[in-house]
Amino acid sequence: MKTFLFLLSAVLLASCSTKKQADLLVFNARVYTVDDQFSVAEAFAVADGKILEVGKSDDLKRKYESKELLDAEGKSIYPGFIDGHAHFYRYGEGLQNADLVGTQSWEEILEKLKVYAVENKEGWIIGRGWDQNDWSEKNFPSNEKLNELFPNRPVVLTRIDGHAIIANQAALSLGNVKPGQKMEGGNIEMVNGKLTGILIDNAQNLIYSKILGSNATQSREALLDAQKNCFAVGLTSVVDCGLDFPTVDIIDNLQKSNDLKMRIYVMLSDDSLNYNYLFKKGAVKTDRLNVRSFKVYADGALGSRGACMLKPYTDKPNQTGFLLSSSNHYENVARKIYDKGFQMNTHAIGDSANREILKIYSRILNGKNDLRWRIEHAQVLSPDDFKLFGENNIIPSVQSTHATSDMYWAGDRIGAERLKSAYAYKQLLQQNGWLVLGTDFPVENIDPMLTFYAATVRKDSKGFPDKGFQMENALSREEALRGMTIWAAKGSFEEKEKGSIEAGKFADFIIMDQDILKVEDSKLLNSKILKTFVNGENVFSK
């Protein structure tokens, strides 16, 4: 009998010792893996920051010995959300400035600035987020009141889309802005021969060039503040669209010190210094940082009528918008980027801007390819131009909340006929079978659930319009989730390392309180992130 017990103990011990080691075992969950089959699992094991195996709870418990166990209590788990188009660093900087998002009038902004000026007594007054389309008086404001309130202190307030500013006279004087001044790709507004303070697109640089850049401490605070807020909404990766190389070095150092855990795909801005940097250095790739592409601007925004249109604006028959550079510039840049093997990503809002860039891309890409050149926004298109995406594997990178933010006034701006082929996400998806979803924050709110809701339900938070906005272009919930995870990763050439919960990929995932694939439309925006994990590390808990 003693011999039998000894042998039994030995067998049990041996059985335990053959268990594989894991750092984390997550079980009793509904795991949306977002793999090719969109399969649903119960559990997964993690070691050294990566997924070891995905499967059933009982199977993995028998197979793995884990340092940490996490009972998900039946909650839904998804791959960490990826924002395929954002301005992460700029968002962080904006957290230090006057927040004008959601203001309902110019008078409300002036009151906010009075308070801000008392709390921030020195230097420029910088604010961001106003949108005259939200006001009862929808014309651009003018700066007379700013000049009265702040005669000696420069003020610059950026519109929500980043394509227009209003500056007071002190700021205009520092920028040497004069009445009647002209510039390519920009507009300096005047009324009765006087400056109003409104500068659109390239004209903004006259003021921005006079504002001293952030120091290293401010840059660090901006990045870490942005990271904190992003983790809280389930973002584990972002695509930062349009940085200069010194900021990339700051990001790299913060990531290496393990302070900045956010994964960042960087598009460098269209600037000769950035081209020289990347062409000389070559692509930068770590587990957290990927720099292999450039962000180019074709035109401005619809809200400030800087989007370049084939025909005049319906509500301003004397305006068509404009390209921000010459066609030769875009052609030369595209050829240069192509020859070096990098990715080109071009902001194009208006149908004329989209056509111009699509034709340049088509000449250079010349048919099927896997270079994943992107059109950022692809907002208003001529019906004749959709096919160019599919014929040349050009990837649409869209932000679904733009549709539900603009739907109140976009028809007035471009007319009912052009609106039919605007914000056409389903039609764009059909060109290549995938697209990239993002928010464009801080132009829109950072919350990916707003992206998901706008893409699938196409209503605002109050349920307007009753039947949804142009529902023929709504995405399914599976398509939207793919656009925020695996397809967003693919848009950055990273689909083999993230974007789904599969063996060998980074253990980036989120736990939510509701099943966003099943809950009714009206409850989607109430869905909350309970936990966010990066590399198997819990970086946010509600």
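1. Strand 19 has two faces. Gln343, Asn345 and His347 point one way, while Met344, Thr346 and Ala348 point the other way, and all are buried. That fits the general rule that side chains in a regular strand alternate between the two faces of the sheet. The strand covers residues 343–348, and six of its six residues are buried, so it is largely enclosed by the rest of the structure. Please keep in mind throughout that this is a predicted model.

2. Which strand pairs with strand 19 through five bridges? Strand 18, residues 289–297, does, and the two run parallel. One register point is worth checking on screen: serine 293 stands opposite glutamine 343 of strand 19. Glutamine 343 belongs to the group with Asn345 and His347 that points one way from the strand.

3. Next, an open sheet. Its four strands are ordered 5-4-1-6, and the pairing is mixed. Strand 5 (50–55) and strand 6 (64–71) stand at the edges with a single partner strand each, so one side of each has no neighbour in the sheet. On average, neighbouring strands here are turned by 25° against each other, direction ignored.

4. Within that sheet, look at the pairing of strand 1 and strand 6. Strand 1 spans residues 20–27 and is joined to strand 6 by seven bridges; the two run parallel. Alanine 22 has serine 66, in strand 6, as its bridge partner. In general, strands of a sheet pair through backbone hydrogen bonds, either parallel or antiparallel.

5. Aspartate 83 deserves a close look. It sits in strand 8, residues 81–86. Where is the nearest side chain of opposite charge to this buried residue? It is arginine 374, 7.9 Å away, and aspartate 83 has no salt bridge. The cut-off for a salt bridge is 4 Å. The side chain of aspartate 83 does have a polar atom 3.1 Å from the backbone nitrogen of histidine 85.

6. The surroundings of aspartate 83 come from two stretches of sequence. Neighbours within four places aside, aspartate 83 is in contact with Leu235, Ser237, Val238 and Val239, and also with Leu437, Gly438, Thr439, Asp440 and Phe441. Phe441 reappears below: a cis peptide bond joins phenylalanine 441 to proline 442.

7. Methionine 262 is in the loop between helix 9 (245–256) and strand 16 (263–269). Is methionine 262 buried or exposed? Its relative accessibility is 0%, so it counts as buried. Beyond residues up to four places away in sequence, it touches Phe88, Gln227, Cys230, Phe231, Leu235, Thr236, Ser237, Val238, Gln255 and Arg288. Leu235, Ser237 and Val238 are also among the contacts of aspartate 83. A long-range pair is worth noting too: the C-alpha atoms of methionine 262 and valine 534 are 7.8 Å apart, with their positions 272 residues apart along the chain.

8. The loop between helix 9 and strand 16 also holds asparagine 258. Asparagine 258 has a positive phi of about 70°, although it is not a glycine. Its relative accessible area is 36%, so it is partly exposed.

9. Arginine 458 also has a positive phi, about 55°, and is not a glycine. Arginine 458 lies in the loop between helix 17 and helix 18. What is its relative accessibility? The value is 0%, so arginine 458 counts as buried.

10. Two cis peptide bonds should be checked. One joins phenylalanine 441 and proline 442, with omega about 10°. Proline 442 lies in the loop between strand 22 (436–437) and helix 17 (448–456). The other runs from phenylalanine 464 to proline 465, with omega near -10°. Proline 465 is in the loop between helix 17 and helix 18 (477–483), the loop that also holds arginine 458.

11. Serine 382 is in the loop between strand 20 (374–377) and helix 13 (387–391). Its relative accessibility is 9%, so it counts as buried. Neighbours within four places aside, serine 382 is in contact with Leu310, Asp351 and Arg355.

12. Last, helix 15, residues 410–419. Its buried residues are Ala410, Arg413, Ile414, Gly415, Arg418 and Leu419. What do they pack against? Their partners are helix 12 (351–365) and helix 14 (400–406). As a general rule, an α-helix has 3.6 residues a turn, so residues three or four places apart point the same way.

Terms used: Residues are numbered from 1 along each chain as its sequence is written. This is a predicted model: local features need pLDDT of at least 70, side-chain atom pairs count only at pLDDT 80 or more; totals for chains, interfaces and linings use all residues. Side-chain values use heavy atoms; hydrogens and water are left out. Buried means under 20% relative accessible area, exposed over 50%, partly exposed in between (1.4 Å probe, protein chains only). Lys and Arg count as positive and Asp and Glu as negative; His and the chain ends are not counted. A polar contact is a pair of N or O atoms within 3.5 Å; within protein, one must be able to donate a hydrogen and the other to accept it, and residues adjacent in sequence count only if both atoms are side-chain atoms. Contact means heavy atoms within 4.5 Å. Two strands pair if DSSP finds at least two bridges between them. Axes are lines fitted to C-alpha atoms, for helices over the stretch in contact, and angles run from 0 to 180 degrees between N-to-C directions.
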